[in-house]
Amino acid sequence: MKCDRMVWTKRAERGVFEMKFSTLNTPRAMAVELGSRLRVARLNRNLTQEQVGNSAGISRYIVKELEHGKGKVEDLMATLIALSLTDQLENLLPTQKVSPI
């Protein structure tokens with residue numbers, strides 16, 4: 001499994017694959033995919049985990065954990081701010097109107 005994950009990650013970094021969240025059927029798989037995308041976004045900005053952590057006010061270890069699909073929502077938000085990706089949150093869950101039953 002680890003070997004397959006490494007191959008998948010390397011190919012994803014080169015833009016070979018585009019995984020759709022709708023095709024993933026477990027929260028863990030979705031978290032791993034989100035972490036992978038976070039890592040690619042960091043690498044595209046030529047930043048180290050340490051630099052992102054410092055900017056986000058979290059440790060390098062927490063950045064590493066987020067990139068592996070683990071961690072707290074608050075730390076993810078801080079990392080998105082550090083990477084200037086907060087505009088992407090609108091796509092995650094758009095504002096919805098309340099529809100009474």
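The following points comment on the fold, core, surface and backbone of this predicted model.

1. Overall composition. The chain contains 6 helices and 0 strands, so that the order of elements from the N terminus reads α-α-α-α-α-α. Of its 101 residues, 28% are buried. Among contacts with a separation of 6 or more, 51% join residues that lie 24 or more positions apart. The exposed area of the chain is about 7500 Å², and carbon and sulfur atoms account for 58% of that area.

2. Nonpolar core. The largest nonpolar core comprises 12 residues: Leu38, Ala41, Val52, Ala56, Ile58, Val63, Leu66, Leu76, Ala78, Leu80, Leu83 and Leu85. At least two residues of this core come from each of H2, H3 (49-56), H4 (60-67) and H5 (73-82). The greatest contribution is that of H5, with 3 residues. As a general remark, nonpolar side chains in soluble globular proteins tend to be buried together.

3. Leucine 83. This member of the core merits separate mention for its contacts. Leaving aside residues up to four places away in sequence, leucine 83 touches Leu38, Ala41, Arg42, Arg45, Leu47 and Val52. Of these partners, Leu38, Ala41 and Val52 also belong to the core.

4. Helix H2. H2 covers residues 27-44. Its 18 residues should span 26 Å at 1.5 Å a residue, and the end C-alpha atoms are 26 Å apart, so the expected and modelled lengths agree. The buried residues of H2 are Val32, Glu33, Gly35, Ser36, Leu38, Val40, Ala41 and Arg42; the list thus includes Glu33 and Arg42.

5. Surface patch. A nonpolar patch on the surface is formed by Phe21, Met30 and Leu34, which together have about 220 Å² of accessible area. Methionine 30 is located in H2. Its relative accessible area is 33%; methionine 30 is therefore classed as partly exposed, since this class lies between the 20% limit for buried and the 50% limit for exposed.

6. Positive phi angles. Most residues other than glycine have a negative phi. Two residues of this chain deserve inspection on that account. Asparagine 46, which follows H2, has a positive phi near 55 degrees. Asparagine 46 lies in the loop between H2 and H3 and is exposed, with a relative accessible area of 68%. Serine 84 likewise is not a glycine and has a positive phi of about 55 degrees. Serine 84 is placed in the loop between H5 and H6 (89-92), and its relative accessibility of 57% makes it exposed.

Key
Residues are numbered from 1 along each chain as its sequence is written. This is a predicted model: local features need pLDDT of at least 70, side-chain atom pairs count only at pLDDT 80 or more; totals for chains, interfaces and linings use all residues. Side-chain values use heavy atoms; hydrogens and water are left out. Patches are made of residues with over 30% relative accessible area and no salt bridge: like charges are joined within 9 Å, nonpolar side chains (Val, Leu, Ile, Met, Phe, Trp, Tyr) within 5 Å. Accessible areas come from the Shrake-Rupley method with a 1.4 Å probe; for residues, only the protein chains shown count as cover. A salt bridge is a side-chain nitrogen of Lys or Arg within 4 Å of a carboxyl oxygen of Asp or Glu. Helices (H or I, at least four residues) and strands (E, at least two) are DSSP runs, numbered from the N terminus. Buried means under 20% relative accessible area, exposed over 50%, partly exposed in between (1.4 Å probe, protein chains only). A nonpolar core is a set of buried Ala, Val, Leu, Ile, Met, Phe, Trp, Tyr and Cys residues joined through side-chain atoms within 4.5 Å. Contact means heavy atoms within 4.5 Å. The expected span of a helix is 1.5 Å times one less than its number of residues.
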